[in-house]
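Trainee: I would like to walk through a new model with you. Could we take it step by step?

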Amino acid sequence: MILEAISPEYEKYTTVDTEPTPESIRAYVESLPWDDITFVRIKKDETHWVECSGSHPDGFSVIYQEGTETFITQDEPEGLEQLILTMQDFSIGGNDWKSICRWSPHGGRKEGSKSGCAAVIAFAFLLISGTLLLDKII
């Protein structure tokens, strides 16, 4: 099991922990500010993983892959605690995390790419950041 993250300071997935425990998952996720779009993924292997993404201002999303099938949440997770519990349960081989919401098949997702929902959130973040930067420059 590997815990990985993409956060504003990273440009790609970075391994955070190669032997994550439920406690270390909680500690890491809670240590992130989640003010900007952030991605955290718990991965058994290249085709079995759960990725939680989003921010406090924009909301959250969960996507997972089992073999060749990828699914995304239809409903927004209720908050950071739900993301933590999802990753913790997945890390110990549980299946309770699958009942957090309704899931939809998510076609076209490639390993290491961001979910469509998260990409929209990331684009909005870039647009707002660019606007704020221009405002400071002008």
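What follows is a friendly exchange about this predicted model.

Trainee: What pattern do the helices and strands follow along the protein chain?
Mentor: Happy to start there. The protein chain holds three helices and seven strands. Read from one end of the sequence to the other, the pattern is β-β-α-β-β-β-β-α-β-α.

Trainee: Which order do the strands take in the sheet?
Mentor: The sheet is open, it has seven strands, and the pairing is antiparallel. Neighbouring strands in this sheet are turned against each other by 25° on average, with direction ignored. The order across the sheet is E2-E1-E3-E4-E5-E6-E7.

Trainee: Which strands stand at the edges of that sheet?
Mentor: Look for strands with a single partner, because such a strand has one side left without a neighbour in the sheet. Residues 14–17 make up one of these strands and residues 103–105 the other. The edge strands are E2 and E7.

Trainee: How many bridges join E3 to E4?
Mentor: E3 and E4 form a hairpin with two residues between them. Across the pair, Thr 38 stands opposite Gly 54, and Arg 41 stands opposite Glu 51. The two strands run antiparallel, and the number of bridges joining them is seven.

Trainee: Which residue in E3 stands opposite Ala 5?
Mentor: Strand E1 covers residues 2–6. Five bridges join E1 to E3, and these strands run antiparallel. Opposite Ala 5 you will find Val 40.

Trainee: How many of the eight residues of E3 are buried?
Mentor: Being buried takes a relative accessible area under 20%. For the protein chain, 43% of the 138 residues count as buried. E3 is mostly covered, and its number of buried residues is six.

Trainee: Which residue in the hairpin of E5 and E6 takes a positive phi?
Mentor: E5 and E6 pair in the antiparallel sense over four bridges, with Ile 63 opposite Ile 72. Their hairpin has two residues between the strands, and the phi you ask about is near 65°. The residue is Gly 67.

Trainee: Why is E6 largely enclosed by the rest of the structure?
Mentor: E6 runs over residues 69–73. On its way across the sheet it is joined to E7 by three bridges, and Thr 73 stands opposite Trp 103 there. E6 is largely enclosed because the buried residues among its five number four.

Trainee: Which helix packs on the sheet, touching E3, E4 and E5?
Mentor: The helix in question spans residues 80–91. Its direction makes about 170° with that of E4. The helix is H2.

Trainee: Is Trp 97 buried or exposed?
Mentor: Trp 97 is found in the loop between H2 and E7. Beyond its neighbours within four places in sequence, Trp 97 is in contact with Val 50, Tyr 64, Thr 86, Asp 89, Phe 90 and Trp 103. Its relative accessibility is 2%, so Trp 97 counts as buried.

Trainee: How many aromatic pairs does the count come to?
Mentor: Rings pair here if their centres lie within 6.5 Å. One of the pairs is Trp 34 with Phe 60, at 5.7 Å centre to centre and 70° between the planes. By this rule the count of aromatic pairs is six.

Trainee: How many residues apart in sequence are the parts that Trp 34 and Phe 60 tie together?
Mentor: Both Trp 34 and Phe 60 are buried. Trp 34 lies in the loop between helix H1 and strand E3, whereas Phe 60 lies in strand E5, so the pair ties together parts whose separation in residues is 26.

Trainee: What kind of pair do the rings of Phe 90 and Trp 97 form?
Mentor: Phe 90 and Trp 97 are both buried, and they belong to one aromatic cluster with Tyr 64, Phe 71 and Trp 103. Their ring centres are 5.6 Å apart and their planes stand at 80°, so the pair is edge-to-face.

Trainee: Which residue lies over the face of Tyr 13?
Mentor: The distance to the ring centre of Tyr 13 is 3.8 Å. That residue also lies over the face of Trp 49, at 5.3 Å from the ring centre. It is Arg 41.

How values were computed
Residues are numbered from 1 along each chain as its sequence is written. This is a predicted model: local features need pLDDT of at least 70, side-chain atom pairs count only at pLDDT 80 or more; totals for chains, interfaces and linings use all residues. Side-chain values use heavy atoms; hydrogens and water are left out. Buried means under 20% relative accessible area, exposed over 50%, partly exposed in between (1.4 Å probe, protein chains only). Rings of Phe, Tyr and Trp (its six-membered ring) pair if their centres lie within 6.5 Å; planes under 30 degrees apart count as stacked, over 60 as edge-to-face and the rest as tilted. A charge sits over a ring if NZ of Lys or CZ of Arg is within 6 Å of the ring centre and within 35 degrees of the ring normal. Two strands pair if DSSP finds at least two bridges between them. Axes are lines fitted to C-alpha atoms, for helices over the stretch in contact, and angles run from 0 to 180 degrees between N-to-C directions. Contact means heavy atoms within 4.5 Å.
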